[in-house]
Amino acid sequence: MEICNAMKGLGGRSGICALMLGLAASVSIAAPTSAPVPTLPYTVKVFAQVPQGLSQPDSIELWNDNVFVGFQNRVAKDGTDGKSSTIVEFGLDGKVKRTFSVPGHNDGLRLVGDDDLWALQNEDANPNLVVIELKTGHQKLYKFPPTPHKGGYDDMVVKNGKVFVTASNPDVSGTGGINTFPALVRVSLAGNTVVVESVLHGNDSATNIATGEVKPLNLLDPDSLTMDPRGNIVLDSQADSELVFIRHPFTSQQEVGLLNITSSVSGPMSATITLDDTAFANNPKAFLLVTDVGNMTDNGVIYRIDSPSFGFEPGVAYSASDTLGLVGTLNLDTGFVTPIVTGFDSARGLLFIAPDGDNDGDDK
């Protein structure tokens, strides 16, 4: 979602929001004059162009040897324009195999079980879920109950067969600017309806990973989700420039950690940035796919990043910054992002793929 949506109800744009908008305008909004620029030893090339009539590639997921990308097609983020997003299935050669239309603005894709692709729409309000049976292509639409935070739902992750979802775009106008609503929920299906259970509230306490300090969160922009190699759910609170790590979610042993995100923007100075997706390298032979959503005059591109010398080090975190148009390594102790490729319009989804299907990290 846009970085300032979460600031609504706070009496206009805050200083932080204004700073974010300035960074976005100066760094990533204008169309790039050249292709993305990698730093050694990384290389970057186009994996797939946007199919005719589509735009804004964002979420990305893998099924067998097929890559699924959600194209948002400039649909309203609350679905009120009645338009549809398109889910495109690509082969590993970047060629289109199938397409699926889903109502609303897609911002979450996740494989659940062996063959069901869950597509989540409308992160600002009026959310819906479409489940696509990939073997048959059959689609089923599910409705959510009214959202307690008056927003939508954004991204998903699966842990031990359970599906967790971010509660996005909370309306904090009546709570003094504090997100007292669920920020992470567990969902299940019953009939044609999505059942929602709270896991983490936006103002729950968390331990700062870098300092050890414990204090309440205030998650104003819950966004992307992933899983780290230790099985922790990683929640990106985008406009807050924070990653939240949830250990043992939805149990009595649940613990929460906070990592503040910074990056080198120019010279030795660091500045706060926003992240979209984070992915953990799973195999030194893998390559990394990046969706670049483009801008108002560019429909976007899907890129491939390789590290050809010794490959990606398994377990290392890589993050995409939508505002700074880069992909970089993420230090999990300090939250510092070091760019490896710059010059994207707005880098969004990340997906590591081992081309031989070997995802156990064994370097043979």
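Is phenylalanine 68 buried or exposed? In this predicted model, phenylalanine 68 has a relative accessible area of 0% and, because residues under 20% count as buried, it is classed as buried. The residue is found in strand 4, and, when its neighbours within four places in sequence are left aside, its contacts comprise Ser59, Ile60, Glu61, Trp63, Ile87, Val88, Glu89, Arg98, Phe100, Leu109, Leu117 and Leu134. The C-alpha atom of phenylalanine 68 is separated by 8.9 Å from that of glycine 91, a residue 23 positions away along the chain.

The sheet to which strand 4 belongs is open and consists of four strands in the order 3-4-5-6, with antiparallel pairing. Its edges are formed by strand 3 (57-63) and strand 6 (96-103), each of which pairs on one side only. Direction ignored, neighbouring strands of this sheet are turned against each other by 20° on average. Strand 3 and strand 4 (residues 66-71) are joined in the antiparallel sense over five bridges, and proline 57 has phenylalanine 71 of strand 4 as its bridge partner.

The secondary structure of the protein chain as a whole amounts to one helix and 29 strands. Of its 364 residues, 54% count as buried. Among contacts between residues at least 6 apart in sequence, 57% join residues that are at least 24 apart.

A second antiparallel pair is provided by strand 11 and strand 12 (residues 162-168), between which there are six bridges. Tyrosine 153 has alanine 167 of strand 12 as its bridge partner. The two strands, 11 and 12, form a hairpin with two residues between them, and asparagine 160, which lies in the turn, has a positive phi of about 55°. Seven of the eight residues of strand 11 (residues 152-159) are buried, and the strand is therefore largely enclosed by the rest of the structure.

In soluble globular proteins, nonpolar side chains tend to be buried together. The largest nonpolar core of the model contains 19 residues, of which Leu288, Ile305 and Val327 touch the most other members. At least two residues of this core are supplied by each of strand 24 (287-292), strand 25 (301-306), strand 26 (317-321), strand 28 (336-342) and strand 29 (347-353). Apart from this core lies another, of 16 residues, which includes Leu219, Leu235, Ile246 and Leu258. With residues up to four places away in sequence not counted, isoleucine 305 touches Tyr42, Thr43, Val44, Phe287, Leu288, Val290, Phe312, Val327, Ile340, Val341 and Phe344.

The search for enclosed space gave one cavity of 30 Å³ or more, and the volume of the largest cavity is about 40 Å³. The lining of the largest cavity is made up of Ser224, Leu225, Thr226, Val234, Leu235, Asp236, Leu243, Asp276, Asp277 and Thr278. Strand 17 (222-227) and strand 18 (233-237) each contribute at least two residues to this lining. Leu235 thus appears in two contexts, being listed among the residues of the 16-residue core and also among those that line the largest cavity.

Definitions and conventions. Residues numbered from 1 in each chain as written. Predicted model: local features only at pLDDT ≥ 70, side-chain atom pairs only at ≥ 80, totals over all residues. Heavy atoms only, no water. Core = buried A, V, L, I, M, F, W, Y, C linked by side-chain atoms within 4.5 Å. Buried < 20%, exposed > 50% of the residue type's maximum accessible area, 1.4 Å probe, protein only. Contact = heavy atoms within 4.5 Å. Pairing = 2+ DSSP bridges. Axes fitted to C-alpha atoms, helices over the stretch in contact; angles between N-to-C directions. 1 Å grid on protein atoms, 1.4 Å probe; cavity = no way out; pocket = protein on both sides within 12 Å on 5 of 7 lines; lining within 4 Å. Points joined across faces, edges and corners; volume = space filled by probe spheres on them.
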